[in-house]
Every structure is written in C-alpha cells, then in structure tokens.
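Biologist: Hi, can we go through this one together? I'd like to start with the charged pairs and then look at how the helices pack.

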Amino acid sequence: MEDVVAGVLRQWERAYPGLDTGPIAVLGRINRCAALLQQTPDPLTRAGLTRAEFDILGALRRVDVELTPTQLARESFASGAAVTKRLRLLEERGLVSRRTDDRDRRVAHLSLTDAGRELVDGLIPELVAYDRALLSGLTPDEQDRLAEALAGLLNTLEGTIGRPLR
C-alpha cells in the first residue's frame, strides 16, 4: 500500500526529473505523521489536556521534586512564556501548586498536587498503551531502528537549528 507522500514524490519527479527527493521522502512523512497524531483524539484529549500540558505534568512527575519555571521549561522542552501560560491553566485546574522561595520571593517552586499526581499516574499506562497501539504496524525491531534513526536526526537538528546550514 502506498502512502500519500509517495504520490507527492512522483509529482516532484515529474516536475523536476532527476531531482533527489530523498529529503522530502523522510521529512514529508515525519510531518504527515505529526499532523495525523495531532488530529487523533488520544487519552490526553479525553482527559481535557493538551500534549504540551501533559509534558509539564509529566516532567514534574518524572523528576518528582519541586522545579522552578526555568527548570520546568528545560525539562519539558518549552519556552519560558509557554510554560508560564500552561502553568496558569494547570494551577487553575488544581493540578500544579506553586510555592514561593523562602529566600527570594521572585522564585517559584512548582510541584504536582495530589490531583495532578493521580491524573498523571492514571494516564501514563493508558497513554503508553495507546502509543503502543499506534506503533503496532511495526515490528519491535522496526520500532527500535526507527527510534535510533530519529534519535540521529534529532541530534543533528538540535546541533544545527538556529545556525546556517551548508
């Protein structure tokens, strides 16, 4: 069975015979997968959370210590502004608590509330099972090879984004 990107590749080949469309084959499929994943209701959307909000909750659960907003941004791969916005919503929902630093009142320490911890602990097995089902069309060996290849791409991108590419 052919995917939609294969059709796009054929169109580019007709428009530009001999053009190496290998990069489109890879990045086009990554982008298409990302778009489809964002459109699919998952356990997080059913719980009223975005993936970005769960990343905040998940980071607090994984490290299991209080974090400052700056530390949380680093752990969740988000900007400080994005973390601030998400924290406000998560605090309003009673999932995250904020404690002011005893020595520097400008510094906040963030942690999960009992409700936040209960939500994450309930969602993570369901989310992993959901993700496993999404990958069920690939053998475990194929999943390992794909994860390894994506890790290589991620390392390359993290080292080059923001710098001119040659």
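Modeller: What follows is a quick tour of salt bridges, helix contacts and a few loop residues. Keep in mind that this is a predicted model.

Biologist: OK. How many salt bridges does a search of the whole structure find?

Modeller: The search finds twelve.

Biologist: Let's pick one. Which residue forms a salt bridge with Asp 121?

Modeller: Arg 61 does. The closest N and O atoms of Asp 121 and Arg 61 are 2.7 Å apart. The pair links distant parts of the chain. Asp 121 sits in helix 7, residues 114-134, and Arg 61 sits in helix 4, residues 51-63. They are 60 residues apart.

Biologist: Is Arg 61 buried or exposed?

Modeller: In between. Arg 61 has a relative accessible area of 25%, so it counts as partly exposed. Asp 121 is partly exposed too, at 35% relative accessibility.

Biologist: What about Asp 64? Which residue does it form a salt bridge with?

Modeller: Arg 61 again. The closest N and O atoms of Asp 64 and Arg 61 are 3.7 Å apart. Asp 64 is partly exposed, because its relative accessibility is 41%.

Biologist: And how far does that cluster go? Which residues are joined into one network?

Modeller: Arg 61, Asp 64, Arg 117 and Asp 121. They are joined by salt bridges that share partners.

Biologist: Any salt bridge inside a helix? Where do Asp 141 and Arg 145 lie?

Modeller: Both are in helix 8, residues 140-160. They are four residues apart, which is about one turn of the helix. Their side chains meet in a salt bridge, 2.7 Å from N to O.

Biologist: Back to helix 4. At what angle do the axes of helix 4 and helix 7 cross?

Modeller: Roughly 115 degrees. The two axes come within 10 Å. The crossing is left-handed.

Biologist: Which residues make that contact?

Modeller: Helix 4 brings Arg 51, Phe 54, Leu 57 and Arg 61. Helix 7 brings Arg 117, Leu 119, Val 120, Asp 121, Leu 123, Ile 124, Leu 127 and Asp 131. By class, the contact has seven nonpolar residues, five charged ones and no polar ones. Arg 61 and Asp 121 are among the contact residues, and they also form a salt bridge with each other.

Biologist: Helix 6 next. How do helix 4 and helix 6 cross?

Modeller: At roughly 80 degrees, with axes that come within 10 Å. That angle makes helix 4 roughly perpendicular to helix 6. From helix 4, the contact uses Ala 52, Glu 53, Ile 56 and Leu 57. From helix 6, it uses Val 83, Arg 86, Leu 87, Leu 89 and Leu 90.

Biologist: How many of those are nonpolar?

Modeller: Seven. Two more are charged, and none is polar. Leu 57 of helix 4 takes part in this contact, and it is also listed in the contact with helix 7.

Biologist: Now the start of the chain. How do helix 1 and helix 2 cross?

Modeller: Their axes come within 10 Å and cross at roughly 145 degrees. The crossing is right-handed. Val 4, Val 5, Ala 6, Leu 9 and Trp 12 of helix 1 meet Ile 24, Ala 25, Gly 28, Arg 29 and Arg 32 of helix 2. That gives seven nonpolar, one polar and two charged residues.

Biologist: What sits between those two helices? Where is Thr 21?

Modeller: Thr 21 is in the loop between helix 1 and helix 2.

Biologist: Is Thr 21 buried or exposed?

Modeller: Buried, because its relative accessible area is 13% and the cut-off for buried is under 20%. Leaving aside neighbours within four places in sequence, Thr 21 is in contact with Leu 9 and Trp 12.

Biologist: Last topic: backbone angles. What is the phi of Asp 64?

Modeller: Near 55 degrees, a positive value in a residue other than glycine. Asp 64 lies in the loop between helix 4 and helix 5.

Biologist: And Phe 77? What is its phi?

Modeller: About 60 degrees, so positive as well, although Phe 77 is not a glycine. Phe 77 is in the loop between helix 5 and helix 6.

Biologist: Is Phe 77 buried or exposed?

Modeller: Exposed, at 75% relative accessibility.

Note on methods. Residues are numbered from 1 along each chain as its sequence is written. This is a predicted model: local features need pLDDT of at least 70, side-chain atom pairs count only at pLDDT 80 or more; totals for chains, interfaces and linings use all residues. Side-chain values use heavy atoms; hydrogens and water are left out. A salt bridge is a side-chain nitrogen of Lys or Arg within 4 Å of a carboxyl oxygen of Asp or Glu. Buried means under 20% relative accessible area, exposed over 50%, partly exposed in between (1.4 Å probe, protein chains only). Axes are lines fitted to C-alpha atoms, for helices over the stretch in contact, and angles run from 0 to 180 degrees between N-to-C directions. Angles under 35 degrees count as roughly parallel, over 145 as roughly antiparallel, 65 to 115 as roughly perpendicular and the rest as oblique. Contact means heavy atoms within 4.5 Å. Ala, Val, Leu, Ile, Met, Phe, Trp, Tyr, Cys and Pro count as nonpolar, Asp, Glu, Lys and Arg as charged, and the others, Gly among them, as polar. A crossing is left-handed if the near helix is turned anticlockwise from the far one by less than a right angle, and right-handed if clockwise.
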